[in-house]
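Please consider the backbone features and the helix packing reported below alongside the sequence and the coordinates.

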Amino acid sequence: MTAPLLRVSGLRTWFPIRRGVWQKTVGWVRAVDGVDLEVNEGETVALVGESGCGKTTVGRSITRLIEPCAGSVTFAGQELTKLTPRQLRTARRHIQMVFQDPATSLNPRMRVRDILAEGLEAFGIGSGVSERTDRVAELLKRVRLEPEHMMRFPHEFSGGQRQRIGIARALSVEPRLIVLDEAVSALDVSIQAQILNLLSRLQQEDGLAYLFITHDLSVVRYLARRVSVMYLGQIVEEAETEALFAQPQHPYTRGLLAAAPSADPEHPNIEARVLGDVPSPADPPKGCRFHTRCPEAFDRCSVEPPPVVQLGSRKVRCLLHEPAERDPGVSSESGSSGVAPGREAT
Amino acid sequence: MTLLRVRDLRTTFPLEGRRVAVVDEVSFDLEAGQVLALVGESGCGKSVTALSLMRLVPKPGRIEGGKVSLGKTSVLELGVPAMRRVRGRRISMIFQEPMTSLNPVVRCGHQVVEAIRLHEKATFRAARSRAVELFGQVGIPDPEQRFDAFPHELSGGLKQRVMIAMALSMRPEVLVADEPTTALDVTIQAQILRLMRELQQQTRTAILLITHDLGVVNEMADRVAVMYAGRIVEFGSRRSVLSEPTHPYTRGLLAAIPARAVRGEPLHEIEGVVPPPSQWAAGCRFCTRCPEVLDHCGDQVAPAVTIGADHVAFCHARAESVTGESR
């Protein structure tokens with residue numbers, strides 16, 4: 001098997017909490033705390049989670065828009081975390097980002113032509129102004145906008161059109177990977193469908209890889225080949241999309257799926273299995289970080305950090321799936337009374 | 001029993017030198033103890049409809065016509081003081097963003113107490129114990145302590161619970177909920193929707209639920225009205241509208257949901273965007289995006305086509321196919 005295009009391992013991004021006159025560091029917000037991810041050439045991987053789980057920080061740490069504290073990010077065989085700023089600039093050409101809110105991620109004082117030509121100029125693509133303008137026209141056609149509109153400002157476009165401009169900007173420097181951070185979340189469903197179709201078409205044409213960061217499970221199911229579910233800075237489950245939706249293994253994944261409303265009139269079915277609120281990442285719960293909201297938690301969950309268990313092509317971070325489970329005789333010291341109710345629930 | 005009856009509601013805003021009706025001849029009935037969902041995309045006029053019912057349309061908007069009856073009260077004809085007594089007591093509202101609808105410098109509990117004491121002669125102490133009781137009912141943990149919390153000390157889900165407690169403090173007959181869970185995460189959304197359903201079953205409050213999410217509609221609604229560009233284009237029972245969508249817009253909306261699509265196949269798209277209100281057609285306003293558009297669609301107001309008991313769509317193309325079959 002060939003090496004993946006992007007491999008993230010043990011990624012950790014903590015933010016200091018500073019207090020007082022001297023801005024002394026009094027603690028750390030563990031936004032991303034040991035994340036592993038792989039994206040292959042030409043495929044779509046989704047990173048799913050609720051607000052505050054650290055998914056956006058993962059996206060930004062990969063491109064080093066935020067400096068990670070530890071861990072490695074390998075892109076096309078190159079270790080990004082060790083690059084000098086100059087080397088990083090060159091490497092970033094191949095990883096582009098599209099952000100959630102196109103209204104705030106496009107400079108309101110720049111014309112669309114200049115927004116799209118900026119990347120071309122930075123990387124010396126195309127020689128001269130007229131060739132770059134031709135390329136901009138080409139880019140606008142690819143995202144189904146009128147090339148005649150290139151001298152307009154971002155505010156003259158609708159939300160969906162602005163997101164097309166954001167995508168065109170990402171495409172302009174011919175990247176191999178695009179990190180899409182909630183790229184369709186702010187759009188109405190009919191516009192969202194247009195953008196999702198555009199993204200799949202571009203992927204087929206250029207063999208692009210997408211890291212799709214979102215909270216919306218229905219989009220994930222439609223788009224991604226693999227899914228990683230994130231909770232409080234850690235990935236709790238990673239699996240092929242179909243397998244994840246058919247048989248979610250982590251209680252958090254189950255809770256998320258059960259809470260997602262469906263428009264199928266025969267199955268109005270949401271359940272509020274996951275109760276309460278997400279704890280603060282500055283002081284994550286001991287043991288399993290999900291145990292405070294987990295409907296299947298038992299006594300060991302609040303003490304032992306769960307191991308990552310490999311189940312076929314799936315990875316789950318949960319004590320319920322401990323390998324020792326298959327061999328109950330071995331784990332006598334851990335106390336069978338605590339394990340039993342958990343097993344029944346699976 | 002029809003609790004809230006809206007007929008030919010028309011609310012206008014000045015645009016490009018003339019007044020444009022962003023809510024145009026909207027009619028619906030809300031029955032006691034039921035949930036009616038008003039669905040549509042942004043800019044279709046659903047929030048302005050809600051604000052019109054509350055008589056809270058911001059200037060320069062103006063309610064220009066129609067009739068809104070709450071029981072025997074004609075809401076649009078009330079004077080300002082009389083409306084103030086109805087608003088909050090008989091019809092109340094919760095908004096999309098609990099962060100911006102609570103006063104950030106007043107403790108949460110005091111805001112609920114204020115709402116109670118506006119409508120009733122109650123001592124602070126009595127109102128306080130009512131508020132704490134309400135906090136408990138809407139599932140706020142440690143209600144006694146949270147009474148003194150400032151809004152920024154609470155999570156988004158808890159703030160929305162405070163809003164619900166405030167809205168329900170007077171046991172209103174009608175609750176207007178404008179995108180109550182849109183700003184919340186899905187696990188929190190599930191909790192809030194369940195809470196609303198439970199409270200509604202206990203109190204028999206009728207809910208007008210405004211949302212863009214057909215999944216939420218499916219979870220909550222008894223009946224659905226689909227809005228496009230200021231008009232209702234289809235209404236009926238939840239099951240009927242979602243299983244037999246008839247207006248091309250409703251069909252398009254449902255088909256565009258990624259959860260219903262097969263991976264690898266293109267999603268159904270509705271071409272183009274909602275036109276700005278100044279360009280709305282005299283006839284069916286969906287005509288600029290409709291895959292089944294006919295020559296006269298843009299000129300004439302679409303006729304009502306009955307699909308089943310209490311399920312109606314307003315569409316020229318459907319009307320033709322119905323008369324065609326009957327010939």
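Q23(A) is exposed, because 9 other C-beta atoms lie within 10 Å, where exposed stands for 12 or fewer other C-beta atoms within 10 Å of a residue's own, buried for 20 or more, and partly exposed for what lies in between, with C-beta atoms placed from the backbone. This is a predicted model, in which local features need pLDDT of at least 70 and side-chain atom pairs count only at pLDDT 80 or more, while totals for chains, interfaces and linings use all residues. Residues are numbered from 1 along each chain as its sequence is written, and chains are lettered from A and ligands numbered from 1 in the order in which they are written.

The table sets out two residues other than glycine with positive phi.

| Residue | Phi | C-beta neighbours inside 10 Å |
|---|---|---|
| Q23(A) | near 55 degrees | 9 |
| A229(B) | near 45 degrees | 25 |

Q23(A) is found in the loop between β1 (6-19) and β2 (24-39) of chain A, helices (H or I, at least four residues) and strands (E, at least two) being DSSP runs numbered from the N terminus. A229(B), which counts as buried, sits in the loop between β9 (223-228) and β10 (231-237) of chain B.

Another loop of chain B, between α1 (46-53) and β4 (62-70), holds P60(B), and the peptide bond joining K59(B) to P60(B) is cis, with omega about 5 degrees.

In helix α4 (residues 108-119) of chain B, the buried residues include C108(B), V112(B) and I116(B). Viewed down the axis of α4(B), its buried residues fall within an arc of 155 degrees, so they line one face of the helix; the arc is that of the directions from the helix axis to the C-beta atoms.
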